[in-house]
Amino acid sequence: MPIEPASDKVLRLDHLFIGGEWSPPEDGGEINSIDPSTGRVWAVVASGGKGDVDRAVASARAALEGPWGHMPGHERAALMRRFADLYQARAGDLAEIEARDSGRAIRETRADIGSHHHGYHWWASLADKAAGRTIPFDDTVHAFTSRVPVGVVAAITPWNVPLMAAAWKLGPALAAGCTVVIKPAEQTPVGTLELGKLFEAAGFPPGVVNIVPGYGAGDVGEWLVAHPGVDKVAFTGEGETAKAILRTGAETMKRFTFELGGKSPHIIFEDADVEQAINAATNSAWTLCGQSCALGSRVLVQRSIYDQVAEAFCSRAAKVRVGPAIDPHTHMGPQAHLAQLEKTLSYIGIGRSEGAELLTGGERLVSNTHSAGYFVQPTVFANVSNDMRIAQEEIFGPVAALIPFEDEDDAVSIANDTRFGLTAGLWTRDTGRAHRVASRIRAGMIWVNTYRFIRWSTPYGGFGASGWGRENGIEGLDGYLDTRTTIVSTHGRFPDAYVD
Ligand code: NAP
């Protein structure tokens, strides 16, 4: 069914995708999805209940122990490739859905979602390559390992990049031979639910992928984490939620992958190509309306070029076209939901009261063009000190904090003065400095003279409070595989321990 593009018509998706079939939620639950560009409900989506979670987990288990579990890797790969082709064909619709659901500007969703099929193809190419190894010992035994799927995966995703987060979990899980129950965030369920149609059309066996929108705490998310039939939780979201999930999942000894928040340093040295660095740093401040874990929300600028960079941030901010996500001219859409808008405005207030200098922005936009949407101005704070809350806590809004530094040691020490450790960027023309500084920063991903270059083939994940495990890259498969060691005696004799 094509998605209805008219903004005044409410879309209804009143079925869950469980066991290869579309079924209404047992208790008739539904979620309103609000278009943050208008503040109005644009879709009503089925919301699962406890019985639906049980059905989804049972279907995933049956598929794991049945057709999917017995399917050779190259056949799983073929299904994944078919799915990738269907995804590519629907990418335009999916980009529009994500723009409406999450408020991410359509020019961004088109570029991002238009590339996801490459990722699914890449994961498909790994579906028959999870090989074990032979372990040398002596000629009395033959010892070897096999990599086996970890089992039924609960994939729990956030609202900022719903389809990317889904791809980063579905791709490796299916390549590893796992089955999945996916729960999208309550604010952005539509695109993920649409994926059910593509899995169905691609011919996946029933139950390999099950899609159950619903709420998190005390609802579908928590029930999945607690469910004894789920072996692993692949989670992207906030650290506090991860801790709650850890506590709930401990009871059944779940395995976990956690992709959490960031407060990434984006360091500009005086010897950098400053224009390029400013392009990257301003883009990284306001893309996704500031709602990405990877953004360089702390911009560290060497003192000698600080004023130049601060001025450039202000003039770029004036050029950012803030508007409805669905408008192709829009550079920056709204915040994805009202609570996030309020959080951002509250942090802007905190920055002011902490004594940071508000150079530009800082207000909600409420003109005619912006109607009741959740728009906020691109915002720049100068003379931020790294111990301020706006430098230590994840705001998730379009707020750049410009922090001056003196020299290399100072830059590294400020960069590492955070509980997070997800990503970092640095700009310099000095190759030695690039390697030196990159090797001293505690973060899972470091970019040199570029920023936010992320591909399905490059492992992604954080140190410290930014998470556990890696998504993407060959390493991304590890979280979905267990290792079985088999030892075969070459002579079959075992001494009787009870004779003298
Ligand atoms: P969130 O509030 O932690 O929610 C994430 C998901 O967890 C949602 O689907 C949510 O459901 C569910 N959930 C909430 N409580 C739960 C519980 N007790 N048990 C099971 N599931 C539960 O995060 P968010 O606000 O959606 O996303 C923003 C965060 O994600 C930011 O911190 C950002 O940095 C992080 N993020 C990290 C990465 C990365 O790769 N490192 C990428 C993107 C985003 P409901 O929405 O229905 O409550």
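**Reading the cores, a sheet and a cavity**

Mentor: In this predicted model, the largest nonpolar core holds 127 residues, among which Leu195, Phe204, Ile267 and Phe313 touch the most other members. Helix H3 (residues 73-102) gives the most to this core, contributing 11 residues.

Trainee: Where does this core lie with respect to domain 1 and domain 2?

Mentor: In soluble globular proteins, nonpolar side chains tend to be buried together. Here both domain 1 (11-260 + 466-485) and domain 2 (265-448) give residues to the core, so it lies between them. A second, separate core is made up of 15 residues, including Leu16, Val53, Leu64 and Val230.

Trainee: Which residues is Phe313 in contact with, leaving aside its neighbours within four places in sequence?

Mentor: With those neighbours set aside, Phe313 is in contact with Ala281, Thr282, Ala285, Trp286, Val299, Val380, Ala400 and Leu402.

Trainee: How should I read the open sheet of three strands, and which strands stand at its edges?

Mentor: Its order is E6-E7-E21, and the pairing is antiparallel. Strand E6 (134-135) and strand E21 (481-489) are at the edges, and because each has a single partner strand, one side of each is left without a neighbour in the sheet. E6 is joined to strand E7 (residues 141-149) by two bridges, and Ile135 stands opposite Ala143 in E7.

Trainee: How many cavities of 30 Å³ or more does the structure hold, and what lines the largest?

Mentor: There are two such cavities, and the largest encloses about 130 Å³ of space. Its lining comprises 16 residues, of which Gly290, Leu295, Ser297, Phe396 and Gly397 lie nearest the centre, while helix H10 (274-286) and strand E17 (399-405) each supply at least two residues of that lining.

Notes
Residues are numbered from 1 along each chain as its sequence is written. This is a predicted model: local features need pLDDT of at least 70, side-chain atom pairs count only at pLDDT 80 or more; totals for chains, interfaces and linings use all residues. Side-chain values use heavy atoms; hydrogens and water are left out. A nonpolar core is a set of buried Ala, Val, Leu, Ile, Met, Phe, Trp, Tyr and Cys residues joined through side-chain atoms within 4.5 Å. Buried means under 20% relative accessible area, exposed over 50%, partly exposed in between (1.4 Å probe, protein chains only). Helices (H or I, at least four residues) and strands (E, at least two) are DSSP runs, numbered from the N terminus. Domain bounds come from an automatic or database domain assignment. Contact means heavy atoms within 4.5 Å. Two strands pair if DSSP finds at least two bridges between them. On a 1 Å grid over the protein atoms alone, a cavity is a set of points where a 1.4 Å probe fits but cannot get out, and a pocket is an open set with protein on both sides within 12 Å along at least five of seven lines; lining residues have an atom within 4 Å of a point. Grid points are joined across faces, edges and corners, and a volume is the space filled by probe spheres set on the points.
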